[in-house]
Amino acid sequence: MAPRFPQAKWVPKQNYHITLYFLGTVGVEQTPALKERLKVIACPASIPVRADSFLWLPDQRRPGALTLSVYSMGQLEAIAEALGNPSPLRAHITIARRVRRIDHRVLADIEVPPFDFELFSLSLRQSLSTLHGVRYPSVLTRWL
């Protein structure tokens with residue numbers, strides 16, 4: 001898709017991850033409580049996931065990011081809710097940023113990449129801007 005939309009800032013594949021709860025700016029003093037919530041939440045042993053559809057965030061009228069929503073039979077959304085997510089957020093993988101000038105109708109002829117996989121862990125990740133791009137180091141990984 002990148003050649004068709006050169007104005008977008010494409011996320012490198014090594015940075016792909018499923019977002020199910022975006023915390024925004026979090027103080028260091030809040031990290032222990034977040035880690036504890038992730039450790040104790042009830043989760044299944046694994047979560048089947050598949051690609052669902054392209055999704056513009058925050059919405060089609062004001063697109064800032066092009067994402068791929070993922071379908072997990074509601075399991076990821078239930079985890080986000082149990083973690084205390086105050087705003088509903090569809091689980092998704094961000095694939096491009098700076099997409100304001102892309103007409104959403106041009107995606108109509110592009111098929112959603114077919115993939116199915118199982119998740120066996122959840123992570124609390126930090127978003128760090130570096131000279132070499134954004135990195136997402138894990139603060140805590142919880143195996144299911």
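V49 sits in strand β3 of this predicted model. With a relative accessible area of 3%, V49 counts as buried, because that value falls under the 20% cut-off. Leaving aside residues up to four places away in sequence, the contacts of V49 are I18, V70, Y71, S72, L76, F115, D116, F117 and L119. Two of these partners, F115 and F117, come up again below as an aromatic pair. V49 can also be placed relative to M73: the two residues are 24 positions apart in sequence, and their C-alpha atoms lie 8.0 Å apart in space.

M73 itself belongs to the loop between β4 and α2, the helix spanning 75-82. Its backbone is worth a look, since phi of M73 is near 55 degrees, a positive value in a residue that is not glycine. Unlike buried V49, M73 is exposed, because its relative accessible area of 54% is over the 50% cut-off.

Just past that loop comes helix α2, and A80 is found in this helix. A80 is buried, its relative accessible area being 4%. Again not counting residues up to four places away in sequence, A80 touches L20, Y21 and N85. The contact with L20 brings together residues 60 positions apart along the chain, with 6.0 Å between the C-alpha atoms of A80 and L20.

Back to the aromatic rings. The structure holds one aromatic pair, made up of F115 and F117, whose ring centres are 5.2 Å apart and whose planes meet at 20 degrees, so the pair is stacked. Both members keep some access to solvent: F115 is partly exposed at a relative accessible area of 22%, and F117 is also partly exposed, at 29%. Both rings' residues touch the buried V49 as well.

Another backbone detail turns up at L57 and P58, which are joined by a cis peptide bond with omega at about 5 degrees. P58 lies in the loop that links β3 (47-57) to β4 (65-71). The strand on the N-terminal side of this loop, β3, is the one that carries V49.

Further along the chain, Q126 is placed in the loop between β7 (121-125) and β8 (128-130). Q126 counts as partly exposed, with a relative accessibility of 40%. Beyond its neighbours up to four places away in sequence, Q126 touches R135, Y136, P137 and V139. P3 is another matter: Q126 and P3 are 123 residues apart in sequence, and 30 Å separates their C-alpha atoms.

As for the chain as a whole, its secondary structure comes to two helices and 10 strands. Read from the N terminus, the elements follow the order β-β-α-β-β-α-β-β-β-β-β-β. The radius of gyration is 16 Å, close to the 15 Å given by the globule rule for 144 residues, so the chain is as compact as a globular protein of that length. Taken along the principal axes, the C-alpha atoms fill a box of roughly 45 × 35 × 25 Å.

How much of the chain is buried? Of its 144 residues, 33% count as buried, V49 and A80 among them. Contacts over long stretches of sequence are well represented: among contacts with a separation of 6 or more, 68% are between residues 24 or more positions apart. The contact between A80 and L20 is one of these, as the two are 60 residues apart.

On the outside, the accessible surface of the chain comes to about 9,300 Å², and carbon and sulfur atoms account for 56% of this area. As for charge, the chain has 18 positive and 11 negative side chains. The centres of these two sets lie 9 Å apart.

Definitions and conventions
Residues numbered from 1 in each chain as written. Predicted model: local features only at pLDDT ≥ 70, side-chain atom pairs only at ≥ 80, totals over all residues. Heavy atoms only, no water. Helix = DSSP H or I, 4+ residues; strand = E, 2+ residues; numbered from the N terminus. Buried < 20%, exposed > 50% of the residue type's maximum accessible area, 1.4 Å probe, protein only. Contact = heavy atoms within 4.5 Å. Rg over C-alpha atoms; globule rule 2.2 N^0.38 Å. Areas by Shrake-Rupley, 256 points an atom, 1.4 Å probe, with all protein chains shown as cover. Lys, Arg positive; Asp, Glu negative; His and termini not counted. Charge placed at Lys NZ, Arg CZ, Asp CG, Glu CD. Phe/Tyr/Trp six-rings, centres within 6.5 Å; stacked < 30°, edge-to-face > 60°.
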